Amino acid sequence: MREYTRFYIDGAWVDPVEPNTIDVENPATEQVAGRISIGSAADVDKAVAAARRAFATWSVTTREERLGVLEAILAEYQRRADDLAAAITEEMGAPAGLAAGPQVGLGVGHLTTAIDNLRTYAFTEDRGATTIVKEPIGVCGLITPWNWPLNQIAVKVFPALATGCTSILKPSEVSPFSAQVFAEILDAAGVPAGVFNLIQGDGAGVGVALAGHPGIDMVSFTGSTRAGIEVARLAAPTVKRVAQELGGKSPHVVLDDEAFADNVASGVVTMMGNSGQTCSAPSRMLVPQSRMAEAREIAAAAAAGITVGDPHGGADLGPVVSGTQFEKIQALIRKGTEEGATLVAGGTGRPDGLDAGWFVKPTVFADVTPDMTIAREEIFGPVLVILGYDDLDHAVAIANDTDYGLAGYVSGTDLDTAKSVAARIRAGWVAINGGFDFNSAFGGYKQSGNGREWGDIGFAEYLETKSIMTPAAG
């Protein structure tokens with residue numbers, strides 16, 4: 001049983017101003033796994049005051065000083081990797097291999113990328129008689145979700161540190177354990193007092209206070225579009241910068257070629273990873289209408305090969321994160337059947353043999369049309385929908401027929417054709433044949449948000465641009 005009842009503020013573990021705790025459930029067992037304190041606006045006030053004091057000195061540190069801190073964090077992060085993985089499995093049910101691999105590994109990747117970029121990042125640039133200066137924006141409120149907890153913490157905290165900002169992190173109260181270990185890592189690495197602060201809590205008690213606080217200069221939020229709208233509304237009166245990475249309903253265009261079968265099968269497996277709880281997941285697969293019957297068979301076989309069960313037992317998928325999420329997914333699966341989609345794998349209820357835990361069957365619908373609910377709403381579970389297209393123009397039109405624009409995927413042997421399709425998809429991050437790059441710019445169009453994270457482009461969210469002008473020579 002984990003007991004995390006203190007917050008990390010101004011370089012110390014402190015009690016909440018107003019004592020209030022909640023239990024945290026292990027979604028694989030439905031049993032209480034720990035307890036955390038829930039913060040309030042008073043805790044946010046304390047953290048903001050600490051961060052503002054620390055900003056005075058951290059903002060003027062040298063590049064070398066900040067590199068030294070980031071490298072110390074890297075060493076401590078790697079030392080605590082097993083603790084981080086265990087926390088993620090316990091708080092959100094990620095299979096042990098996924099937790100120790102991608103969940104923890106993405107944090108390492110983003111940290112080493114931040115270190116590499118900080119070594120060469122141009123904080124000043126001369127343009128004739130004018131010097132363009134990039135300087136830290138100030139105190140940052142960082143609000144992160146439960147589905148990829150370390151990834152989302154990493155792409156916010158590390159750029160903030162690298163650019164000279166100070167921050168207050170509010171992780172999801174659904175998956176708070178890994179964030180607590182993360183704070184222990186930064187403390188052990190010697191991050192100066194007040195530069196990084198952690199307050200556990202919910203949106204109503206801490207998120208609202210961070211978004212509207214006049215002492216915070218920018219808010220970076222990852223979560224649902226609904227919650228992102230509220231963060232922007234709360235931030236508006238203080239005219240602070242708001243960076244948002246929100247929902248997605250990402251298309252995966254499978255080209256009509258000899259790799260079709262492999263690309264459909266791999267698309268199913270990719271979609272199901274992390275139990276489908278990935279905002280950028282390729283949740284809408286687009287295949288040639290003439291090959292829909294073939295796609296049904298391939299997808300059904302691929303889904304049947306995915307195991308679901310005990311996160312410590314070698315299963316491919318663990319549970320979804322909560323009973324609330326489970327019920328939402330079940331309702332959308334029923335909706336797909338009611339609206340006439342063809343269920344080719346999975347369906348409602350838990351997989352056979354699993355009587356406890358929020359486990360969902362890997363589910364595939366085919367013959368889906370763009371107007372169906374399951375083609376338009378973000379399900380955030382292991383549910384793939386397959387739509388048919390007549391030609392590539394039609395495929396692009398379907399791909400873009402969404403309120404979202406976070407990611408897109410194109411699979412095919414003709415790279416020129418794949419690039420042409422990718423260029424026409426209205427999304428911020430498009431992967432061809434499984435491409436991946438820590439230096440890419442991750443973020444969305446439309447209701448998937450604004451701003452960009454990852455790599456050196458992610459630094460820009462934490463920097464203000466100043467022009468210093470002197471009289472031109474003459």
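User: Which residues does UniProt list for "domain: Aldehyde dehydrogenase"?
Analyst: This is a predicted model, where local features need pLDDT of at least 70, side-chain atom pairs count only at pLDDT 80 or more, and totals for chains, interfaces and linings use all residues. Residues are numbered from 1 along each chain as its sequence is written, and side-chain values use heavy atoms, leaving out hydrogens and water. The UniProt entry is unreviewed, and its annotations may be inferred rather than shown by experiment. The listed span is residues 13–468.

User: How far apart are the end C-alpha atoms of residues 13–468?
Analyst: Helices (H or I, at least four residues) and strands (E, at least two) are DSSP runs, numbered from the N terminus. The span is 41% helix and 21% strand. Its end C-alpha atoms are separated by 41 Å.

User: At what angle do helix H13 and helix H14 pack?
Analyst: Two packed helices are described by an angle and a distance between their axes. Axes are lines fitted to C-alpha atoms over the stretch in contact, with angles from 0 to 180 degrees between N-to-C directions. For H13 (residues 392–400) and H14 (residues 415–424), the axes lie 10 Å apart and the angle is about 35 degrees.

User: Which residue in S7 stands opposite Glu125?
Analyst: Two strands pair if DSSP finds at least two bridges between them. Strand S7 (residues 130–136) runs antiparallel to S6, joined by 4 bridges. They belong to an open sheet of 3 strands in the order S6-S7-S23, where S6 (124–127) is an edge strand. Opposite Glu125 stands Ile132.
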